[in-house]
Amino acid sequence: MEGRGFTIKLYPLKVSPTYVMAESASRANYHLGNLALMATDFAVCEAGVTRGILLDIAGVLYQGSAPLPGAAQAVSTLRDAGLPVRFLTNSTRRPKRVIHQKLKGFGIDAEADEILTPAAAACAWLRANGLVPHLLIHPDLEEDFATCPESGSVAVVVGDAGPYFNYERLNAAFRQIDKGAPFLALASNRKFLDADGELSLDAGAFVRALEYSSGKNAELFGKPSPTFFGSAAQSMGQALADLTMIGDDAESDVAGALKAGVGNAILVRSGKYQAGDEIRYDPKPSETVEGISEAVELVVSGQH
Ligand SMILES: [Mg+2]
């Protein structure tokens, strides 16, 4: 029976009036509880609850040639929750086209324009400044610079060239920088988890070598550049403070995001994570969890 804004239930005779009263009281409390919960949600929302997710890729969604457990479901859960997602990678050994294909191949719901790479950011900057890239990168990445200017002054671009780093190539880049060419670093990570399961030298060591010899600092285009995080936030129409970053690199992904103004950063113990990483860099992660599934659970449960 419907009353004025509330419901009166008719109970079978065997239910005692005391029970009905107790249940009514409990329901009243439940409804009050809901109101309190809504008020709490509202307060959290106003304080900057997560309105968008920044996901690192390697070591979070896949490792080498295999997806990490729960990755596809986790992204799908974020979609169901209505949260915009951007995939931010510092990987500079593969073009964006291949990264996208790989994600799709693992059943991970990702659109090409949701994937942000340092190469795309650097190429946009080179176009805006009318500069020709002098590339010290892996040959597979060259297609991401296809739309850059082909004549004019030069800017040096350094990525993770892997086995294509050698003295001649490093020295040619050094000479350009020494003569005044702008110096762009696609990433400055110290290490990455290699296909053989061991940590390997990342681009950072080579960027530092060129900085050391030239006496000039590189302009960083990948994480932890605040510009990189900022352009991701802008593309989502959200404030950095309302975003949560999820990554396996405590320095670039987590401390970098928090320093750039991202509201929360969750460190996952997958990929390149090593014991103790959660206390190695400042700022410390908002949370440290086993993997992408646990991180997304925290986000959708409203705890981040
Ligand atoms: Mg990673």
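Two strands pair if DSSP finds at least two bridges between them. That rule underlies the sheet views below, which come from a predicted model.

**View 1. Strands 6 and 7 pair in a parallel sheet.**
Strand 6 and strand 7 run parallel and are joined by 5 bridges. One of the matched pairs is P133 with A155, the latter in strand 7. The sheet around them is open, has 4 strands in the order 6-7-8-11, and is paired in parallel. Strand 6 and strand 11 (219-220) are its edge strands, and each pairs on one side only.

**View 2. Helices 5 and 6 pack on the sheet of strands 6-7-8-11.**
Helix 5 (residues 167-178) lies across strand 6, strand 7 and strand 8 (183-185). Its direction makes about 140° with strand 7. Helix 6 (residues 203-214) packs on the sheet as well, touching strand 7 and strand 8. For helix 6, the angle to strand 7 is about 140°.

**View 3. P149 sits in the loop between strand 6 and strand 7.**
Strand 6 covers residues 132-136 and strand 7 covers 154-158, with P149 in the loop between them. Is P149 buried, exposed or partly exposed? A residue needs 20 or more C-beta neighbours within 10 Å to be buried, and 12 or fewer to be exposed. P149 has 17 inside 10 Å, so it counts as partly exposed. Leaving aside residues up to four places away in sequence, P149 touches L126, R127, G130, L131 and V132. The C-alpha atoms of P149 and A128 are separated by 9.5 Å, although these residues are 21 apart along the chain.

**View 4. A second open sheet has 6 strands.**
The strand order is 5-4-1-12-13-14, and the pairing is parallel. Strand 5 (115-116) and strand 14 (287-289) stand at the edges. Each has a single partner strand, so one side of each is left without a neighbour in the sheet.
Strands of a sheet pair through backbone hydrogen bonds.

**View 5. Strand 1 pairs with strand 12 and strand 4.**
Strand 1 (residues 52-55) meets strand 12 (residues 243-247) over 4 bridges, in the parallel sense. With strand 4 (residues 85-88), strand 1 forms 3 bridges, again parallel. Which residues does I53 match on these two strands? I53 stands opposite T244 in strand 12. In strand 4, the bridge partner of I53 is V85. The side chains of strand 1 split two ways: G52 and L54 point one way, I53 and L55 the other. All four are buried.

**View 6. Helix 8 lies across three strands.**
Helix 8 (residues 250-260) crosses strand 1, strand 12 and strand 13 (264-268). The helix runs at about 165° to strand 13.

**View 7. The largest nonpolar core has 75 residues.**
The residues with the most contacts inside this core are L61, V156, V157, V158, A185, V262 and I292. Helix 8 gives the most to the core, with 6 residues. At least three core residues come from each of domain 2 (48-90 + 223-300) and domain 3 (118-220). V157 touches A122, P133, H134, L135, L136, I137, L184 and L186, not counting residues up to four places away in sequence.

**View 8. Helix 9 has buried residues on one face.**
The buried residues of helix 9 (residues 292-300) are I292, A295, V296 and V299. Seen down the helix axis, they fall within an arc of 95°, so they line one face.
An α-helix has 3.6 residues a turn, so residues three or four places apart point the same way.
What covers the buried residues of helix 9 includes strand 1, helix 2 (71-80), strand 12, strand 13 and strand 14. Just after helix 9, G302 takes a positive phi of about 85°.

**View 9. Two loops carry cis peptide bonds before proline.**
Most peptide bonds are trans.
The bond joining K223 and P224 is cis, with omega about 10°. P224 is found in the loop between strand 11 and helix 7 (226-236). The bond from D282 to P283 is also cis, with omega near -5°. P283 has its place in the loop between strand 13 and strand 14.

**View 10. The whole chain sets the context.**
The protein chain has 9 helices and 14 strands. Of its 304 residues, 40% are buried. Among contacts with a separation of 6 or more, 63% link residues 24 or more positions apart.

Terms used: Residues numbered from 1 in each chain as written. Predicted model: local features only at pLDDT ≥ 70, side-chain atom pairs only at ≥ 80, totals over all residues. Contact = placed C-beta atoms within 7 Å. Axes fitted to C-alpha atoms, helices over the stretch in contact; angles between N-to-C directions. Core = buried A, V, L, I, M, F, W, Y, C linked by C-beta atoms within 7 Å. Domains from an automatic or database assignment. Arc of directions from axis to C-beta.
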